[in-house]
Amino acid sequence: MSELVKRYTSRERANHWFIAICFILLAVSGLALFHPAFFFLSHLLGGGTWSRILHPFIGVVLALAFFFFAIGMWGQNKITAADREWQKRLGDILCNKTQGLPEIGKYNIGQKYLFWTLVLSIALLLVSGIAIWQPWFTPAFPIGIVRAAALLHAVAGFVAILAIIIHIYSAIWVKGSIRGMTRGTVSAAWARHHHPGWYNDVKKRN
Ligand code: HEM
C-alpha cells in the first residue's frame, strides 16, 4: 500500500456529509417551492406542505453545521500572494507547465473561491430566509424588505447550487480527492502533486 497522509478528521467528514445531505434536501425542496415546473421534486420531502414546513428548519440546521465546518478551515482559506500568482498562470497550469509555480497549501485558489462563495451565499440565505419565514418572522419586517429578501433568497440559492455543482464536478475530476472526504486520507503522491506546500508542512510536523 502506498504512503497515506491524513487530510480530514472523522468529525470534519461527518459534518461535511451531513451538510451535503441537508444541502440536497434544501436545493430540491427550494426548487419545488420556486417554480411549478419543479413542483414534482416536493415528493422527496412528502409533498408541497411538508416541503414548505421542513425547508426553513433544514436551512437553519445547515447554516449551523456549515458555521462549525467553516470555522475549522477559515485560516487555510485566506487568499495569499502565492494564490494570485497561481491564478495569473492558470493557462500554463491547464497545459501542465507547472515549473516555477509557488507551492499550494491545503487549498488552491479555486477551492478558496468556492469556500468564500459558500460562506457569503449561506449567510445571505439564512438572513433572507428568516425575513420570508411565514408566519413567524415575516410580520416583523416592512413589505419592501420582505420582497427584497425573497429576491435575494432566490439569487443566493442559485449561486450556491451552481457553486456546489462545480464543487462536485471538481471533486470527481481530481482523481484521489474523494477518498480524503470518505476515508480521511489521501495518497502521498496526490498530496505532493496537488498541495505540495501542505504536504511539506504535514511532513515537518510528523
Ligand atoms: C454532495 C456532494 C459533495 C461531494 C461529492 C463533495 C466532495 C468533497 C471532497 C472530495 C472534498 C475534499 C477536497 C480536498 O480535500 O481537497 C470536499 C471539501 C469541501 N466541501 Fe464538499 N462535497 C459535496 C458537497 C458539499 C456541500 C453541499 C458543501 C457545502 C454547502 C461542501 C463544502 C465543502 C468545502 C467548503 C470543502 C473544503 C474546501 C474544498 O475542498 O473546496 N461540499 N468536498
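**View 1. Helices forming the shell around the ligand in a predicted model.** α1, α2, α5, α6 and α7 (178-182) each contribute at least two residues to this shell; helices are DSSP runs of H or I with at least four residues, numbered from the N terminus. With 5 residues, α1 gives the most. Domain 1 (8-61) and domain 2 (74-205) each provide at least three shell residues, the bounds coming from an automatic or database domain assignment. Residues are numbered from 1 along each chain as its sequence is written. In this predicted model, local features need pLDDT of at least 70 and side-chain atom pairs pLDDT 80 or more, while totals for chains, interfaces and linings use all residues; side-chain values use heavy atoms, without hydrogens and water.

**View 2. Residues that come nearest to the ligand.** Among the 21 residues around the ligand (a heavy atom within 4 Å), the nearest are Arg7, Tyr8, His16, Gln111 and His167. Ligand oxygen atoms lie 2.6 Å from a polar side-chain atom of Arg7, 2.8 Å from a side-chain N or O atom of Tyr8 and 2.7 Å from one of Gln111.

**View 3. The largest nonpolar core.** A nonpolar core is a set of buried (under 20% relative accessible area, 1.4 Å probe, protein chains only) Ala, Val, Leu, Ile, Met, Phe, Trp, Tyr and Cys residues joined through side-chain atoms within 4.5 Å. Of its 27 residues, Leu62, Phe66 and Leu118 touch the most other members. α2 (48-73) is one of the helices supplying at least two residues, and α2 gives the most, 8. Both domain 1 and domain 2 contribute, so this core lies between them.

Conventions
Buried means under 20% relative accessible area, exposed over 50%, partly exposed in between (1.4 Å probe, protein chains only). A polar contact is a pair of N or O atoms within 3.5 Å; within protein, one must be able to donate a hydrogen and the other to accept it, and residues adjacent in sequence count only if both atoms are side-chain atoms.
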